[in-house]
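Please open the structure in your viewer and keep the selection tool at hand. The tour goes from one selection to the next, and at each stop it says what is there.

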Amino acid sequence: MKHTISVLVENKPGVLARIAGLFSARGFNIDSLSVGRTEDPTISEMTVVAEGNERILEQITKQLYKLIDVIKVEDLTKAKVEFIERELILVRMKVNPREEKKIQETTEEIGAQILKKSKDVLIVEVVGEQNEIETSLVLLKQFDIQRIFRTGKIAMKASA
Amino acid sequence: MRLKGAQILVEALKKEGVEYIFGIPGGVLLPIFDVLYDSPIKFILTRHEQGAAHAADGYARATGKVGVCIATSGPGATNLVTGIATANMDSIPMVIFTGQVRKKLIGNDAFQEADVTGITRPITKHNYLVKETGDLAKVIKEAFYIASSGRPGPVLVDLPVDVTIEESEFEYPEKIELRSYRPTYLGHPGQIKKAARLIKESKKPIIYAGGGVLIANAIQELKELVEKTSIPVATTLLGLGSFPETHPLSLKMLGMHGTIYANYAIMNSDLIIAIGARFDDRVTGDTEKFAPEAKVIHIDIDPTTIGKNIPVDVPIVGDAKNVLKELNKIVQKPDIEDWLTQVKEWKTKNPLRYSRKGGLKPQYVIEEIYKLTKGEAIIVTEVGQNQMWAAQFYSYTKPRTFISSGGLGTMGYGLPAAIGAQFGSPDKVVFDIAGDGSIQMNIQELTTAVLNKLPIKIAILNNSYLGMVRQWQELFYKKRYSHTYLLNPDFVRLAEAYGAVGFRVIREEDVVATLKKALNIKKPVVMDFIVKEEEDVFPMVPAGEAIDRMIEMA
C-alpha cells in the first residue's frame, strides 16, 4: 500500500541528498517526493509517497527520523489523520482544429486551467488529488499530447 | 577573541579534551599543521590514512572516548573511507577532519579535490562541509556531541583551506541543543514492566548481549540482571567482554562461529532479551527459522535496529544502562531450573574444541596468550579465521578487552587499531591477533608502532592462505582454492627492517617461551606462528542456514 509521509527537515544544503541516498541505500521504493520551504525559512517540508509492507514503512519512518537533519516524520496514512493532498500536472498538446470543441469540453469537465493557447498548441494545468489527476490524464490522453509533467504529491494535515 | 580557523579548530579540540590526533598532513592542511606544531595535543603520524582512521577507532574502543583523525583533501580523504565505514558499522565515536580545496574551487575538479561529504554521507552518522570560519566552533561542538551521544558513530567535518585561514571571533559553545536530534535515553516504564512480566513468565529465557552493553557501560547492570534471574547469557562478537565468559551462566559467543550451546539455547528459547544488539545475519542465520518459539524483548538506543530483522514483542528504546537499572528494580526470578539443566548439559557436551594433532594449531596459540595474560590483555584482531579463533579461544572477562571490526569485517584493521588502543591504554598489554593476509593490508603501520615505542605484540597465525575464504572454498567449492594461497614475505626479517623484533615459531613447544620473551620486550614484536595450513574454524553455520545446523570438527 502507498503511504504518504510528511517529513520536516532543516533547510540546509545536502538534506535532499541525504534523504534520496537513504532510500536508494536501503532499497526502499519511493513513489514521489516533493520538497519546499515552510513558513519558517529554516525548515523545509517534504512529502514522500512510498510503498511497502508495514515493516518496510516502519523502517522508512525510523530511518528518516534517524537522519540528524530530520526534525519530524509522520506517516499520515498510518496515523489515519485527516489531510489534504494535491498534485499538479502540466500538459502540452497539439490542437487539431477538428478536436477543439472536444478539448474545451474535456478541460471544463476535469477543471483544467488553460495556461497558454496558441494556434496549434495548448498547455493546461490540473490540480487535484491523485485519483483526480489519474482520471484527468486518462481523458487528456485521447488528444495529441506532446509532454506531460507531473509534480510529486504535497500533503498537509487538516489540523496541527 | 579573534582567531584563525586553524586556531579555532585546535582550541576546540582542547576544549573537547582530545589527547591524540591520528593522521597525515597535506597541502590544504598546512594552516592546521602549523598550529598543531606547538600544540599540547599529540599528533600521531601514521603511514597511510586508513591506518589513522583505524587507530582513532581503536583508541575510541579501548577508552570509550571520541577518536580523532585528520587527512588531506582528495586521496587523503578517500583513503579514510574504509576506516570510517568500519567505525560506522560498529557504532564507534569518531570525529574525522578532512581538508578541502578553497571554497571557490569546490566543484571545479581542482587538484586533490573529492566530494568528501558526498562520498561519506552513507557511512557517517553525520557530516559537515564548513563554509564559514564563524561556524567552525559550533560545528565542532556538534560533531563531538553527535559522535558520542545516542548510538555513537563517526562524524566528518570537511574544512576548505580558506576556512582555516580566515579569522573569526572564537567562543566555544557550552551546550548544544539540536531540535532535530534528541536521542532517547530513558526506557518507557510501561514497556519495562511488560519486559519484567515476560521474564517472570518465561520458561526458557536467554540474554543476547551486544556491543551496546559496552558502549552504554552497562556491565554492572547486566551482571545484576543475571544474578537476579539466573538467565544464561550469549554475546555477539562485539559484545565479548560485556559479561565474564568464565561465569557459569556464560554461553560465550553465538552465531555463525559461536558455541554450539549458545546457538542451541537461543534456538530453543522461549524468550530472547536482546540488549544493544541488532540481530545481524551472522547471528540469526536464516531469520525464518530463527528461534521459532521465542518472544523477543529488544533494548536498543537506536529505534531502527528494533524490528528491522526480527519481529519484536517488547521494544524498549533507550540506553542499556538506564533501561537495565529500571528493569533490575522490578524483575523477578523465573522458574527455569529445567532449562538451566538443559543448557548446562549442552554446554558440557559441546565445548569448543580442536585437535592438537597435525602441526602447530592457531587455537593453541590463542589459548596460551590467554593463560599468559590472564585475560587482562586487550586483544585486537584482524578479520577472518584469526578473528574467530581469537573470539573463541580467549576468555573475555572485562569490557573493552576485545577490539575487532565486526560489522564491516575490515581486513587490515588490527595493527592500526592496536596502535590506537595502546595509546589509549598505555599500561595494558595489547595484542594484535593477525592472519598472514590481513597483516599485510596495513603493515606500513609497523613504523608508527616502532617510532612511538609501542610494545604491541603482533601474533601472525600464518597459514599461507586467505584462511577464511580458503575454508569456504574447502567446504563449499570442492577445495578449489582459487587465488587464496599466499606467498608471503619473511615476516621476521620484515619486522626487523621496520625496527621491530621478529620471532618465528614452528613448533608447539616453542609457543609459550616465545610469548614470554615477547611480553618482556618493550617494543613491537612480530611473532610469525607457522600454523597448520588447512585448519578450519569450527563450529560453523553455513551462510543463510538456521543457526542450530552447525558443522562441527570432523
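Begin by selecting domain 1 of chain A and domain 2 of chain A in two colours, and note that in this predicted model their centres, taken over C-alpha atoms, are separated by 28 Å. To make the two selections, use residues 2–79 for domain 1 of chain A and residues 84–157 for domain 2 of chain A.

Next, look at where these two domains touch, a contact to which domain 1 of chain A contributes eight residues and domain 2 of chain A contributes seven. On the side that belongs to domain 1 of chain A, select β1 (2–10), β2 (29–37) and β3 (43–51) of chain A, since each of these strands supplies at least two residues there. β2(A) has the largest share of that side, with three residues. If you colour this side of domain 1 of chain A by residue class, you will find three nonpolar residues, five polar residues and no charged ones.

Now show chain B as well, and turn to the place where the chains meet, in which 16 residues of chain A are in contact with twelve residues of chain B. On the chain A side, select α1 (15–25), α2 (54–66) and β4 (70–75), which are the elements of chain A that give two or more residues to it. α2(A) gives the most to this side, namely six residues. Finally, colour the chain A side that touches chain B by class, and you will see that its residues divide into seven charged, five nonpolar and four polar.

Terms used. Residues numbered from 1 in each chain as written. Chains lettered and ligands numbered in written order. Predicted model: local features only at pLDDT ≥ 70, side-chain atom pairs only at ≥ 80, totals over all residues. Helix = DSSP H or I, 4+ residues; strand = E, 2+ residues; numbered from the N terminus. Nonpolar A, V, L, I, M, F, W, Y, C, P; charged D, E, K, R; others polar. Domains from an automatic or database assignment.
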